[in-house]
Amino acid sequence: MRSYRSLFRTPEFTPFLLSFAAFAAAQTIGGLALGTLVFRATGSPFLSAVSMFGPQLAQLLGGAFLLSGADRLPPRAVLSGLALAFAAGTAVLALPGLPVWAFFAVVLLQGLVAALGGGVRGGLLNEILPKDGYVLGRSVHNMLWGLTQVAGFATGGALLALLSPRTCLLLAAALYLISALVTRLGLTARPQRSSGRPSLSATWRANALLWSSRPRRLAYLGLWVPNGLVVGGDSLYVSYAPEAAGALYACGALGMFVGDMAVGRLVPPAVRPRLANPLRLLLAVPYLFFVLRPGVALSAVAVTVASVGFAASLVLQERLMSLTPDDLAGQALGLHATGMAAMQGVGAALAGALAQLTSPATAMTLMAAGSVAVTLTLSRAARRTRTAGTARRT
C-alpha cells in the first residue's frame, strides 16, 4: 500500500484517526494550560515541566501492571473508557482553589490508565490496515499528531491570551468527550487479540519475552532514550520563552509532520532502515545551539529542523514489528509507548532539575548532548550485534 487514497479507503481508518485527533488536541491544549497554570502559581521550571510531562512518567507503573490488557481487552471499549477517564480528570484540574499537590495526584492517575492507550491504539491500527500499509498508516497517524500539535499549541497559546488556564482545561475535557463519542460510534466492536485475562503475571511474562531478544532491546532503547532526552529539553519551552512557548511547540509539531510525511510516503522501504541513526542525530544536534541562548526566531528554526528527526520512530517501529510475533503486537507497541512516555517523563524531570540549577538554555543543551551520546553508543552496539550474528551464521 503506497498511496494515501488506498489508505483512506480502508474501513474504519478515518474514524480511528478522528478519535485520535480529538484526544491529541485535548492533550495538547490541556497540557499547555496546566503547565502555564503551575508555572504562574509556583514560578518553578521544574514543576511546570513535570506537570506537563509527569503523566508520561506515571505510564511506567501502568505499563508494569496493566499492559497485558492491550491484547486481552476489547479495543473499542478500552479507548472509549480512557477518553472518558481523561475528560473527568481534566475537569477536576479546572476546579478553582485546587492545591498544586492535587494537580500532580490527578496527572499521576491519568498516566497510570494511559499506559493501555498506546498498545491498544497501535494494535488496533495493525488490525485495521494490511501488513504492507502499516508504515504508511503509522506515518499518517504521526503526521496527524504533528498537525494536531501545531493547531493545538497555536490555539492553546491564543486561548491562554484570552481566557484563563482553567477555562482552557474545560475545553480540553470537552474534546476528550468528543473522542470517546467518535470511538464508540465510528469503530467496530472487536474481540481481544489474545485469550486469557489481563493480569500482572501475564504482563510481566510477555514483557520479559519481548525484552529477551537483544535486537528488540536495542530497538526499544533507540525508540525511548534519545527521544526522551530531547522531549525533556522541549518541556522547558514555557520557562525558556514564556510568551512564545505555544509557538515553539507548534514549530516542533510542524517539523515532526514534515519528517513523518517524508519518511512514510517518499522514502523507499529499502532505504528506510539506513535512516534511523541520521534522524536520531538530527533530532538532537540543533538543540546544541541553545547554549548561545538564541532569540525566539532562531529558536523556532532550530526546533523545526530538529523535530524532523522524530521520524526515526517510524523506522524503528517498523524494525520492532518485524522482530515481534503477531499475537504480541499490541503489547509490543504498548511497551514501546509506555517506555517512551516514561523516558519523556524522566527527561522532563531531569531537564527541569538542571534548569533549576543552571538555566533553561543550559539544560536544553545538556539534554541534547546526552541524546547524541546515547545514539552513537546504541549505533555501535547494533553494529556489534549484526557482526556477531553474521559470524554465527558463517
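Visitor: Before we look at Glu-127, what counts as partly exposed?

Guide: A residue is buried when its relative accessible area is under 20%, exposed when it is over 50%, and partly exposed in between. In this predicted model, Glu-127 has a relative accessible area of 32% and is therefore partly exposed.

Visitor: Which side chain does Glu-127 meet in a salt bridge?

Guide: The side chain of Glu-127 meets that of Arg-190, at 3.3 Å from N to O. Because Glu-127 lies in helix 6 (residues 100–128) and Arg-190 in the loop between helix 8 and helix 9, the pair ties together parts that are 63 residues apart in sequence. Arg-190 itself counts as buried, at 18% relative accessibility.

Visitor: How many salt bridges does the structure hold, and where do Glu-318 and Arg-272 lie?

Guide: The structure holds three salt bridges. One of them joins the side chains of Glu-318 and Arg-272 at 3.1 Å, N to O, linking helix 15 (residues 312–322), where Glu-318 lies, to the loop between helix 12 (245–266) and helix 13 (276–284), which holds Arg-272, 46 residues apart. Glu-318 is partly exposed at 26%, whereas Arg-272 is buried at 5% relative accessibility. Elsewhere, salt bridges that share partners join Glu-12, Glu-127 and Arg-190 into one network.

Visitor: How should the nonpolar residues be read, and which members of the largest nonpolar core touch the most others?

Guide: In soluble globular proteins, nonpolar side chains tend to be buried together. Here the largest nonpolar core has 90 residues, and Phe-13, Trp-224, Tyr-237 and Tyr-287 touch the most other members. Leaving aside neighbours within four places in sequence, Trp-224 is in contact with residues including Trp-211, Leu-335 and Met-343.

Definitions and conventions. Residues numbered from 1 in each chain as written. Predicted model: local features only at pLDDT ≥ 70, side-chain atom pairs only at ≥ 80, totals over all residues. Heavy atoms only, no water. Core = buried A, V, L, I, M, F, W, Y, C linked by side-chain atoms within 4.5 Å. Buried < 20%, exposed > 50% of the residue type's maximum accessible area, 1.4 Å probe, protein only. Contact = heavy atoms within 4.5 Å. Salt bridge = Lys/Arg side-chain N within 4 Å of Asp/Glu carboxyl O. Helix = DSSP H or I, 4+ residues; strand = E, 2+ residues; numbered from the N terminus.
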